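Work through the exercises below with the sequence and the model open. Each task is followed by a solution in steps.

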Amino acid sequence: MIGAGVFAAFAPAARAVHAQGGLLFAALGLAAVVAYCNASSSARLAALYPESGGTYVYGRRRLGDFWGFLAGWGFVAGKTASCAAMALTVGAYAFPGHARLVAVAAVGAVTLLNLFGVQKSALATRVIVAVVLAVLAVVVVVALLGPAAVPPPSTLLPQRPFGVLEAAALLFFAFAGYARIATLGEEVADPARTIPRAVFIALAVTLLVYLAVAVALLHALGPARLASSTAPIADAVAAAGAGALGPVVRVGAAVAALGSLLALVLGVSRTTLAMARDRHLPGFLAAVHPRRQVPHRAEVAVGLVVMVLVALLDLRGAIGFSSFGVLVYYAIANASALTLRAAVVPIVGLAGCVVLAVALPLSSVLPGLALFAVGALVWVIRRRSRGQAAA
């Protein structure tokens, strides 16, 4: 969860709540509540169905083939775009003059690492998260010890309806990640016990880190400057009089984006594997390496698609698009959990996902709706073709 989102999500969220610091904390709290409900539903389902695929599997088992397919479709398409965005973030921070070339190289390196097994990926993730947490800890301490921001004469931007909801939807992007724990169900020891514990511990730690970062940013920059910043964590360090730490922040952001890319490719490839097993994607992608026990063809395919997107497209708007897809994905997870007779948390999670998805900008909502409409059409066409083949 702790990746590139924490370096970028707070500024657009502050703009959404028209630069009012208190509302930023309210949005963060709302995003955390929805994330908790999603995590609870996902953990219960993952313990019951410890299989690769996450909500794709839960939707099919609890709601029917259509809903499972729609969840998998949204996850694979949305997160593939998010992979490209994270790769471009790595390039932008590591080597701005050759961002795309570095991004393609990063995708290739991450794909190669994943091919050596989930244990290697988990070890790399530990190292990356440790580096990112160390950078964020330095930023928080430096920002809080520096002078407090002096508010400008007018700190309010033009009022925007549903600003808290939009901010929560944007901050939710920074929480996304616990679903990828569930997608690894076949590769986790004692999944019924391990997955729920991992989800809740990760969510609690992430919320504490984000609260500390939010307090530090508001102290160093103030709500208005935070809302207008394009690199809020770097700006907070500079405002605290520690501009020499700028390169450290840049390295931290690049490493965070690399960690996000690693986890994304890992999760997307496992959902691709599950959908290929059910022939919703080409069957050759369902192969598992006999020695390393990884879906090597799915991982290579995902890596190649992301490389093409990185080389050809400008995906700066991918965060909103990915958030819409992830919220729909979790809405299906909560609807699946409703069938387990644990009503309150899944209902809150389902309602929260729908509200936050609708609260996103139209530039994210409309392409997202189009994506799922295409997915539904593909499902209908494939079902009819299967029916005709059976006849």
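**Exercise 1.** How many of the 32 residues of H12 are buried?

Solution. The model is a predicted one, in which local features need pLDDT of at least 70 and side-chain atom pairs count only at pLDDT 80 or more, while totals for chains, interfaces and linings use all residues. Residues are numbered from 1 along each chain as its sequence is written, and side-chain values use heavy atoms, with hydrogens and water left out.

Step 1: apply the cut-offs, with buried meaning under 20% relative accessible area, exposed over 50%, and partly exposed in between (1.4 Å probe, protein chains only). Step 2: count; 24 of the 32 residues of H12 are buried, and the helix is mostly covered. Step 3: take one residue of this helix, Thr271. Thr271 counts as buried because its relative accessibility is 0%. The C-alpha of Thr271 is 6.5 Å from that of Gly72, although 199 residues separate the two in sequence.

**Exercise 2.** Compare the end-to-end lengths of H12 and H6 with their expected spans.

Solution. Step 1: helices (H or I, at least four residues) and strands (E, at least two) are DSSP runs, numbered from the N terminus. The expected span of a helix is 1.5 Å times one less than its number of residues. Step 2: H12 reaches 47 Å from first to last C-alpha, close to the expected 46 Å. Just after H12, Arg279 has a positive phi of about 65 degrees. Step 3: H6 (residues 99-115) has 17 residues and should span 24 Å, which agrees with the 24 Å between its end C-alpha atoms. The buried residues of H6 include Ala99, Ala103, Val107 and Leu115.

**Exercise 3.** Find the salt bridges and describe the surroundings of their partners.

Solution. Step 1: the criterion is a side-chain nitrogen of Lys or Arg within 4 Å of a carboxyl oxygen of Asp or Glu. Two pairs in the structure meet it. Step 2: Asp65 pairs with Arg60 at 2.8 Å, N to O. Asp65 is partly exposed because its relative accessibility is 25%, and Arg60 is partly exposed at 31%. Step 3: Glu299 pairs with Arg270, with 2.4 Å between the closest N and O atoms. Glu299 belongs to helix H13 (residues 296-312) and Arg270 to helix H12 (residues 246-277), so this pair ties together parts 29 residues apart in sequence. Both Glu299 and Arg270 are buried.

**Exercise 4.** Why does Cys353 form no bond with the closest cysteine sulfur?

Solution. Step 1: a disulfide is a pair of cysteine sulfur atoms within 2.5 Å. Step 2: the closest cysteine sulfur to that of Cys353 is in Cys37, at 8.5 Å, which is too far for a bond. Step 3: the structure holds zero disulfides. Cys353 is buried at 1% relative accessibility, and Cys83 is buried at 0%.

**Exercise 5.** Summarise the chain and the confidence of the prediction.

Solution. Step 1: the chain has 16 helices and zero strands. Of its 391 residues, 51% count as buried. Step 2: pLDDT is the predictor's confidence in each residue, from 0 to 100. The chain averages 83, and 90% of the residues score at least 70. Step 3: among the elements, helix H15 (residues 344-359) has the highest mean pLDDT, 93, and helix H9 (residues 178-182) the lowest, 65. Where pLDDT is low, the predicted coordinates should not be read in detail.
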